[in-house]
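Work through the exercises below with the sequence and the coordinates open. Each task is followed by a solution in steps.

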Amino acid sequence: MAAAIKKIIPMLDRILIQRAEALTKTKGGIVLPEKSVGKVLEGTVLAVGPGARNSTTGSHIPIGVKEGDRVLLPEFGGTKVHLDADEKKELFLFRESDILAKLE
C-alpha cells in the first residue's frame, strides 16, 4: 500500500487523505449496524502537492499541512481515489481550502 501511495503525487494545492474508519463496536461490546454509523469527519494526510501558484511571481504558495497530520474534513466533498492493490481502502483528494482544521 505504501508503495502505491508514493506513486500518487497530488498536483498544486491538492492533498491525499485517508478517512478514519468508523467505530462499529461500542465500549460495552455492542456491534452497531452500518446504517447507524455516521460519516467520519477525520482523516490522515498521506501526500501533499507543492501548493498553488502565485499569479504574479509564479512561485508555489506553501501548504499548511504535511504528511502524517490529522485533519478535520467536511461531510461532503473530495474526489474518491481507488488503488488497484487494495480496493477496500478509499482515499480522497481534497483542495487545501476544503480542509476545515488541523487536529493535534
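**Exercise 1. Overall composition**

Task: State what share of the residues in the protein chain is buried, and list the secondary structure.

Solution. Buried residues account for 24% of the 104 residues in the protein chain. The model is a predicted one. Next, the secondary structure: the chain holds one helix and six strands. Along the sequence these elements follow the pattern α-β-β-β-β-β-β. For the surface, the chain exposes about 7,300 Å², and carbon and sulfur atoms supply 56% of that area. Finally, take the contacts with a separation of 6 or more: residues 24 or more positions apart account for 65% of them.

**Exercise 2. Strand order**

Task: Give the order of the strands in the sheet and identify the edge strands.

Solution. Six strands form an open sheet, and its order is E4-E5-E1-E2-E3-E6. The pairing is antiparallel. The edges are strand E4 (79-82) and strand E6 (101-103), each of which pairs on one side only. From one strand to the next, the twist averages 45°. As background, strands of a sheet pair through backbone hydrogen bonds, either parallel or antiparallel.

**Exercise 3. Bridges between strands**

Task: Count the bridges for E4 with E5, E1 with E5, and E2 with E3, and name a residue pair in each.

Solution.
- Step 1: E4 and E5 run antiparallel and are joined by four bridges. Here Lys80 stands opposite Phe92 in E5.
- Step 2: Strand E1 (residues 14-19) and strand E5 (residues 90-95) run antiparallel, with five bridges between them. Leu16 stands opposite Leu93 in E5.
- Step 3: Strand E2 (residues 42-48) is joined to strand E3 (residues 70-72) by three bridges, and these two strands also run antiparallel. Gly43 has Val71 in E3 as its bridge partner.

**Exercise 4. Rings of Phe92 and Phe94**

Task: Classify the ring pair of Phe92 and Phe94 as stacked, edge-to-face or tilted, and say whether the two residues are buried or exposed.

Solution. Rings pair if their centres lie within 6.5 Å, and by this rule the count comes to one aromatic pair. The ring centres of Phe92 and Phe94 are 6.3 Å apart and the planes stand at 40°, so the pair is tilted. Stacked would need planes under 30 degrees apart, and edge-to-face over 60. Both Phe92 and Phe94 are buried. A charge is also placed at one of these rings: the charged end of Arg19 sits over the ring of Phe92, 4.9 Å from its centre.

**Exercise 5. Two loop residues**

Task: For Ile30 and Leu12, find the loop that holds each residue and decide whether each is buried, partly exposed or exposed.

Solution.
- Step 1: Ile30 lies in the loop between E1 and E2. The relative accessibility of Ile30 is 56%, and exposed means over 50%, so Ile30 counts as exposed. Leaving aside residues up to four places away in sequence, Ile30 touches Thr24 and Lys25.
- Step 2: Leu12 is found in the loop between helix H1 (2-7) and E1. With a relative accessible area of 36%, Leu12 is partly exposed.
- Step 3: Check the backbone. Phi of Leu12 is near 50°, a positive value in a residue other than glycine. Most residues other than glycine have a negative phi.

Note on methods. Residues are numbered from 1 along each chain as its sequence is written. This is a predicted model: local features need pLDDT of at least 70, side-chain atom pairs count only at pLDDT 80 or more; totals for chains, interfaces and linings use all residues. Side-chain values use heavy atoms; hydrogens and water are left out. Two strands pair if DSSP finds at least two bridges between them. Axes are lines fitted to C-alpha atoms, for helices over the stretch in contact, and angles run from 0 to 180 degrees between N-to-C directions. Rings of Phe, Tyr and Trp (its six-membered ring) pair if their centres lie within 6.5 Å; planes under 30 degrees apart count as stacked, over 60 as edge-to-face and the rest as tilted. Buried means under 20% relative accessible area, exposed over 50%, partly exposed in between (1.4 Å probe, protein chains only). A charge sits over a ring if NZ of Lys or CZ of Arg is within 6 Å of the ring centre and within 35 degrees of the ring normal. Contact means heavy atoms within 4.5 Å. Accessible areas come from the Shrake-Rupley method with a 1.4 Å probe; for residues, only the protein chains shown count as cover.
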